[in-house]
Amino acid sequence: MRRLLTPGVVIALRLYDHCRINIELDVLSREYSEKTVVEYWPIENRKAWNFEESVDFPFERIKTPEFLLKVNWSLDEYLKYLYTWSSTQNYISKTGKDPIKVIYNRFRKLWKNENEKKEIIWKLVMKVGRV
């Protein structure tokens, strides 16, 4: 890759980590991601789980500030986000079943008021460096 890049140019790789809502919902979200649909994630997504160790970055690292992505969503909006996951879509395509319907009642119970907007936070994880 170095031969394609101009010396001194800055290169950045970024992704967002699991979101955070609250302890109980975080546990259920991780269970969904890491158990219910785990085998339906593309290999590229699996590399992201161990981003620091599994993604080679042979450049002089540049320290970056912490970046957070924040939204306020209802339960319906959050579940629509889960439907955007490739693992959810792959699960539906391969099994003909909807994995979110299986856990919906658990999410609803923990969310309490499904119309309530909850703050959802993703930490952006980055590797930034100079060629």
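Helices and strands are here DSSP runs, numbered from the N terminus. With that in hand, Cys19 can be placed in the loop between strand 1 and helix 1. The model is a predicted one, and this loop makes a convenient way into it. Cys19 has a relative accessibility of 11%, and because buried means under 20%, it counts as buried. Leaving out residues up to four places away in sequence, Cys19 touches Asp26, Tyr78, Ile120, Ile121 and Trp122. Its C-alpha atom is separated by 7.3 Å from that of Lys123, although the two residues are 104 residues apart along the chain.

The loop between strand 1 (10-16) and helix 1 also holds His18. The side chains of His18 and Glu34 are joined by a polar contact of 3.2 Å. Neighbours within four places in sequence aside, His18 is in contact with Arg30, Ser33, Glu34, Ile121 and Trp122. Ile121 and Trp122 thus appear in the contact list of His18 and in that of Cys19.

Helix 1 itself comes next. Its 14 residues (23-36) should span 20 Å at 1.5 Å a residue, and the C-alpha atoms at its ends are 19 Å apart, which agrees. The N-terminal end of helix 1 is capped by Asn22, with a side-chain oxygen 3.2 Å from the backbone nitrogen of Glu24. Which residues of helix 1 are buried? They are Leu25, Asp26, Leu28, Ser29, Tyr32 and Ser33. These residues cover an arc of only 170° around the axis, so they lie on the same side of helix 1. An α-helix has 3.6 residues a turn, so residues three or four places apart point the same way. On the other side of helix 1, Ile23, Val27 and Lys35 are exposed. The cover over the buried residues of helix 1 includes helix 4 (75-84), helix 5 (86-95), helix 6 (99-111) and strand 4 (118-130).

One of these elements, helix 6, packs against helix 1 at an angle of about 170°, with the axes 10 Å apart. Since angles over 145 degrees count as roughly antiparallel, this is how helix 1 runs relative to helix 6. Helix 1 contributes Glu24, Leu25, Leu28, Ser29, Glu31, Tyr32 and Thr36 to the contact, and helix 6 contributes Pro99, Ile100, Ile103, Arg106, Phe107, Leu110 and Trp111. Leu25, Leu28, Ser29 and Tyr32 are thus among the residues of helix 1 that are buried and that meet helix 6.

Helix 5 has its own buried residues, namely Ser87, Thr88 and Tyr91. They cover an arc of only 105° around the axis, which places them on the same side of helix 5. Helix 1, helix 4 and helix 6 are included in what covers them. With helix 4, helix 5 packs at an angle of about 70°, and the two axes are 4 Å apart. That angle makes helix 4 roughly perpendicular to helix 5. Here Leu82, Tyr83 and Thr84 in helix 4 meet Ser86, Thr88, Gln89 and Ile92 in helix 5. Thr88 is therefore both a buried residue of helix 5 and part of its contact with helix 4. Helix 5 is followed by Gly96, whose phi is positive, near 75°.

A last stop is Ser54, which belongs to helix 3 (residues 51-54). At 35% relative accessibility, Ser54 counts as partly exposed. The C-alpha atoms of Ser54 and Glu114 are separated by 37 Å, with the residues 60 residues apart along the chain.

Definitions and conventions. Residues are numbered from 1 along each chain as its sequence is written. This is a predicted model: local features need pLDDT of at least 70, side-chain atom pairs count only at pLDDT 80 or more; totals for chains, interfaces and linings use all residues. Side-chain values use heavy atoms; hydrogens and water are left out. Helices (H or I, at least four residues) and strands (E, at least two) are DSSP runs, numbered from the N terminus. The expected span of a helix is 1.5 Å times one less than its number of residues. Buried means under 20% relative accessible area, exposed over 50%, partly exposed in between (1.4 Å probe, protein chains only). The arc is that of the directions from the helix axis to the C-beta atoms. Contact means heavy atoms within 4.5 Å. A polar contact is a pair of N or O atoms within 3.5 Å; within protein, one must be able to donate a hydrogen and the other to accept it, and residues adjacent in sequence count only if both atoms are side-chain atoms. Axes are lines fitted to C-alpha atoms, for helices over the stretch in contact, and angles run from 0 to 180 degrees between N-to-C directions. Angles under 35 degrees count as roughly parallel, over 145 as roughly antiparallel, 65 to 115 as roughly perpendicular and the rest as oblique.
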